[in-house]
Amino acid sequence: QVQLVESGGGLVQAGGSLKLSCAASGNSFSILVMGWYRQAPGKQREVVATITSGGTTNYADSVKGRFGISRDNAKSTVYLQMNSLKLEDTAVYYCNADVRSPTGVRSWTWGQGTQVTVSS
């Protein structure tokens, strides 16, 4: 079983920056893709950014040029650097991992979520 623990959320003024971290634990599992999703009040959860084990990244159009996702495979940790934050970035941010068990079974795991609030 893989567990994800997020940190780094908080309150920031518009135009500011925050960095989220997500550490995965769980031996013997292969972590394939890691990513960040977010869910604002009254809205569906949406993908923000993803990164493969080889470092290929993808971003939602709304965050391109402002957010950067990175990954430390040795630490099984993924980061989300958020710059030029906007009011509409306010949401609960969830870490996600696409993992493969030693028997080859793939599954998704979610973190508990961390609140990011951008104020004017």
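Reader: What makes the disulfide of Cys 22 and Cys 95 left-handed?

Author: The sign of the torsion decides that one. In this predicted model, the torsion about the S-S bond of Cys 22 and Cys 95 is about -85 degrees, so the disulfide is left-handed.

Reader: How do you know that Cys 22 and Cys 95 form a disulfide?

Author: By distance. The cut-off is a pair of cysteine sulfur atoms within 2.5 Å, and the sulfur atoms of Cys 22 and Cys 95 are 2.1 Å apart. The pair therefore meets the rule. By that rule, the count is one disulfide.

Reader: Which parts of the chain does that disulfide tie together?

Author: Two strands. Cys 22 is in β3, residues 18-25, and Cys 95 is in β9, residues 91-100, so the bond links parts 73 residues apart in sequence.

Reader: Why are Cys 22 and Cys 95 called buried?

Author: Buried means under 20% relative accessible area. Cys 22 has 0%, and Cys 95 has 0% too. Both values fall under the cut-off, so both cysteines count as buried.

Reader: Fine, let's zoom out. How many helices and strands does the protein have?

Author: Zero helices and eleven strands. Reading along the sequence, you just get β after β: β-β-β-β-β-β-β-β-β-β-β.

Reader: And what makes the protein as compact as a globular protein of that length?

Author: Its radius of gyration is 14 Å, and the globule rule gives 14 Å for 120 residues; the two are close, so the protein gets that description. If you'd like the dimensions as well, the C-alpha trace spans about 50 × 25 × 20 Å along its principal axes.

Reader: What share of the residues is buried?

Author: Of the 120 residues, 42% are buried. As for the outside, the accessible surface comes to about 6300 Å², and carbon and sulfur atoms own 47% of that.

Reader: How far apart are the mean positions of the positive and negative charges?

Author: They are 3 Å apart, for 11 positive and 7 negative charges.

Reader: Back to single residues. Why is Arg 38 called buried?

Author: Its relative accessible area is 6%, and the cut-off for buried is under 20%, so Arg 38 qualifies. Arg 38 sits in strand β4, residues 30-39. Beyond its neighbours within four places in sequence, Arg 38 contacts a set of residues that includes Glu 46, Phe 67, Glu 88, Asp 89 and Tyr 93. Val 48 is also among those contacts; Arg 38 and Val 48 are ten residues apart in sequence, with their C-alpha atoms 6.6 Å apart.

Reader: Is Ser 101 buried or exposed?

Author: Buried. Its value is 13%, and under 20% is what the term asks for. Ser 101 lies in the loop between β9 and β10. Leaving out neighbours within four places in sequence, Ser 101 is in contact with Ser 28 and Phe 29.

Reader: Then why is Ser 53 called partly exposed?

Author: Partly exposed covers what is left between buried, under 20%, and exposed, over 50%. Ser 53 comes in at 42%, so it lands in that middle class. Ser 53 is in the loop between β5 and β6, and its contacts outside the four-place neighbourhood are Ile 31, Leu 32, Arg 71 and Asn 73. Arg 66 is 13 residues along the chain from Ser 53, and their C-alpha atoms are separated by 22 Å.

Reader: What makes Thr 57 partly exposed?

Author: The same cut-offs, under 20% and over 50%. Thr 57 has 31% relative accessibility, so it counts as partly exposed. Thr 57 is in strand β6, residues 57-59, and it contacts Thr 50, Ile 51 and Ile 69, once neighbours within four places are set aside.

Reader: What is the phi of Ser 76?

Author: About 50 degrees, so positive, although Ser 76 is not a glycine. Ser 76 is in the loop between β7 and β8, and with a relative accessible area of 24% it is partly exposed.

Reader: And where does Ser 84 lie?

Author: In the loop between β8 and β9. Its phi is near 50 degrees, a positive value in a residue other than glycine. At 40% relative accessibility, Ser 84 counts as partly exposed.

Terms used. Residues are numbered from 1 along each chain as its sequence is written. This is a predicted model: local features need pLDDT of at least 70, side-chain atom pairs count only at pLDDT 80 or more; totals for chains, interfaces and linings use all residues. Side-chain values use heavy atoms; hydrogens and water are left out. Helices (H or I, at least four residues) and strands (E, at least two) are DSSP runs, numbered from the N terminus. Buried means under 20% relative accessible area, exposed over 50%, partly exposed in between (1.4 Å probe, protein chains only). The radius of gyration is taken over C-alpha atoms; the globule rule is 2.2 Å times the number of residues to the power 0.38. Accessible areas come from the Shrake-Rupley method with a 1.4 Å probe; for residues, only the protein chains shown count as cover. Lys and Arg count as positive and Asp and Glu as negative; His and the chain ends are not counted. The place of a charge is taken as NZ of Lys, CZ of Arg, CG of Asp or CD of Glu. Contact means heavy atoms within 4.5 Å.
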